[in-house]
Amino acid sequence: MYKLLFIWRYFMKRRMAWMAIVAVTLVVMLIVTILNIMNTILNDTKSNNHRWSGDIVISRDSLVGFPYYENFLTKLNELNAITATTPVIKTYAIIELNSLQVYGIQMENFSNVTDFHKTLFHQKNSENPTLILPENQTLRPDQHPLTAEQKKRGCILGCYWITTDLEQLQLAHETRLRPERQVPIDITIFPINSKGSLTGSALGETQRFWYMDACQTGLVDIDQATAYVDFDELQKLTFMDGQDGSPARISEIRIKCKPGYDLTETHTKIQKLWDNYIATFKNQTDYHLLSDVKVQTWELYRRSFIVPVEKEKNVMTVTFSILSVVSAFIILAIFYTIVTEKIKDLGMIKSIGGSNWGVQQIFIGYGFSIGLVGTFFGVLFGCLLVINSNHILDFFGIQIWNPKIYAIDKVPNTIDINQTIAIALVAILFSTCAAIIPAMKAGKLKIVEALRID
Amino acid sequence: MSTKSKYILSCQNLRKGFTIGSERRTVLNDCNLNVEPGEFVAIMGASGSGKSTLLHILGLLDQPEQGTVMIEGKNVFTISKSQQDKIRNQQIGFVFQFYHLLPELTVEENVILPSMISHSFFSWLSNKSKVKKRASELIESVGLTKQTTQWPNTLSGGERQRTALARALIQNPQILFADEPTGNLDSVAGKAILEILCNLNRSGQTIVMVTHDKAVADLADRTLVLHEGKLS
Ligand SMILES: Nc1ncnc2c1ncn2[C@@H]1O[C@H](COP(=O)(O)OP(=O)(O)OP(=O)(O)O)[C@@H](O)[C@H]1O
Ligand SMILES: [Mg+2]
């Protein structure tokens, strides 16, 4: 009982204890803030990349693409582990004199694999998102006469290609950029045949599309330089549909696994399936188009965009770990001082019958309670800071994240509970240990020696 | 270990020295003392003769290099640490020259502290009111009722010493040690302390007091002088 009384009194009456609390609070707050923010950045980056890639991607790093995909798609769809697959054509194009990537997608399949429709502005909540313009469009009178085919071609643009200001974009969508306003987008493509040389008119094929929608996948490299058009349209335009007599080609197959299926296992299975499949084409002249096709998990497929963020997180973690160690020594020094300051009390308590261990418990409890209170406030302020970071920064008019560099335009504000609890436990444990060392030393002191201290 | 003895406190062949640098000084050398229950013993001696050192050993605050100390026939340096703690807590009261109150506790809390130490958490809760009553009687007997809730640093020297005295008495110790209890006080404050000590002795309290004031020593039943490490 007397131990609790002492802990309480030391706590309330010593200014030094408050300083120790403030020190603990600041360190814990710092670590909670930084680690939570970095963690969320990494998690967001990963989940955005994962979502946009699907689980597994079969692709070839060449504008030529690879042939014989139809039968393989059928084989894939027979697998138990897979819920959806979609072929993708990927090429480069020029729009309004800017170069960008163009993806040919089958809207429904692509959405099934990548949740693409959820990243759209107009069709976010639509039951069946589409790249085909509605039939009953009335075109502006000044347009050339168009065939029914030509009237349907829709195009989705990455949102940062239009503007980096998302509020502006929202506004634009409410006024200017509506599908029925028929904003024309002329896309110029350079078709390449299966041997890798320019084909068609060899001057580029230009085709008019109509602005349908914008997407925000959360991946800046994608959102700032990508257009999406219909798969069949692009396949035709790139001469990958076999109009020159060679087999039809695509650039990628994206695959979504059923929830609960082990990714690595499924990946190995698909790799094996692919190897067996292409073995049957071994004697074909275009076998080389198949042999360097890669079967990758989403992480591998997008690693060049994930690794920098991972590295950054690690650098931050190391930096702040060092900082924490430095602070830990300062806290240790403060604890040492506040315990040493009270060694005379230890002599007095022992002189009236307090046991060594009882007295040490007071000091350890003292350290523990300082750690507990300091950590509590540190976690509290840290979490408040993280949660309100955007308001705080807005208030001061600061923008820390350049959305072109980070895959995010807002400071993340979610708290990783497990990590925060771990930080708190370490802080409390450390504070307690910081008190144990001087307490042990104090315990060794003889009563008369302790009493002699002034 | 315990042998029946008519002495409440006795020490035999006590020896204690200090090494300062390379020089060795023997402070107590073959020091003997026997105190009967209810006795009031005064110890005198020149400054630096080892009076405090002796009292600390008798009060289990320090250890001798040689010799035995018996309290109620029990050799206190051969028993366990926790039993020593218990003797310090229950059988001995100690009053220091420099009070040694705990600055973070009020007068009342300082007085009841030994009792709190002897109780576990739950037994304290059930005994609290009894102890508090006893404490307030003691505080009244040393004339500090008005200062009950004051912090030690707001008390005068005399008031601090009376608080220390009350603290030493709360557990009804068999022996009360006092190391120059009036050494830091003016004559009026000192007189108040001595009066309390005399009253206690009259009601049967065994007291061993160190002083260098002849007039103070005269209040005791017996006066011993510490000289060259020996009592005579
Ligand atoms: N821890 C110690 N280390 C070294 N020497 C010590 C120590 N404690 C006491 N002494 C020495 O032992 C001698 C006796 O000290 P003690 O305090 O017992 O004297 P005293 O008789 O109480 O004197 P006073 O009347 O001035 O209080 C002194 O010379 C002192 O210097
Ligand atoms: Mg002395």
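Throughout these exercises, contact means heavy atoms within 4.5 Å. We're working on a predicted model, where local features need pLDDT of at least 70, side-chain atom pairs count only at pLDDT 80 or more, and totals for chains, interfaces and linings use all residues. Residues are numbered from 1 along each chain as its sequence is written, chains are lettered from A and ligands numbered from 1 in the order in which they are written, and side-chain values use heavy atoms, with hydrogens and water left out.

**Exercise 1. Work out how the contacts of each chain split by sequence separation**.

Step 1: Take chain B and keep contacts between residues at least 6 apart in sequence; 74% of these join residues at least 24 apart.

Step 2: Do chain A likewise, with a separation of 6 or more; residues 24 or more positions apart account for 80% of the contacts.

**Exercise 2. Hold the spread of each chain against the globule rule**.

Step 1: Get the yardstick straight. The radius of gyration is taken over C-alpha atoms, and the globule rule is 2.2 Å times the number of residues to the power 0.38.

Step 2: List the parts of chain A, which has 18 helices and 11 strands. Helices (H or I, at least four residues) and strands (E, at least two) are DSSP runs, numbered from the N terminus.

Step 3: Apply the rule to chain A. Its radius of gyration is 32 Å, well over the 22 Å that the rule gives for 454 residues, so chain A is more spread out than a compact globule. Its C-alpha atoms fill a box of roughly 105 × 55 × 35 Å along the principal axes.

Step 4: Now chain B, with 7 helices and 10 strands. A compact globule of 232 residues would have a radius of gyration near 17 Å, and the 18 Å of chain B agrees with that. Along the principal axes, the C-alpha atoms of chain B fill a box of roughly 45 × 40 × 40 Å.

**Exercise 3. Find out how well two helices of chain B are covered**.

Step 1: Set the cut-offs: buried means under 20% relative accessible area, exposed over 50%, partly exposed in between (1.4 Å probe, protein chains only). For the whole of chain B, 56% of the 232 residues count as buried.

Step 2: Look at helix α3 (residues 107-118) of chain B. Here 11 of the 12 residues are buried, so the helix is largely enclosed by the rest of the structure.

Step 3: Ask what does the covering. The cover over the buried residues of α3(B) includes α1 (2-13) and α14 (343-351) of chain A, plus α2 (81-90), α4 (121-141) and α5 (157-169) of chain B.

Step 4: Turn to helix α1 (residues 51-58) of chain B, where 7 of the 8 residues are buried. Those include H56(B), I57(B) and L58(B). Just after α1(B), L60(B) takes a positive phi of about 65°.

**Exercise 4. Track down the nonpolar cores**.

Step 1: Define the thing: a nonpolar core is a set of buried Ala, Val, Leu, Ile, Met, Phe, Trp, Tyr and Cys residues joined through side-chain atoms within 4.5 Å.

Step 2: Go for the largest core, with 121 residues; L9(B), L58(B) and V69(B) touch the most other members. Its largest share, 10 residues, comes from helix α2 (residues 15-53) of chain A.

Step 3: Spot the other core. Apart from the largest one lies a core of 50 residues, among them F66(A), I185(A), Y211(A) and A248(A).

Step 4: Zoom in on V69(B). Leaving aside neighbours within four places in sequence, V69(B) has contacts that include L9(B), L14(B), I57(B), L58(B) and F77(B).
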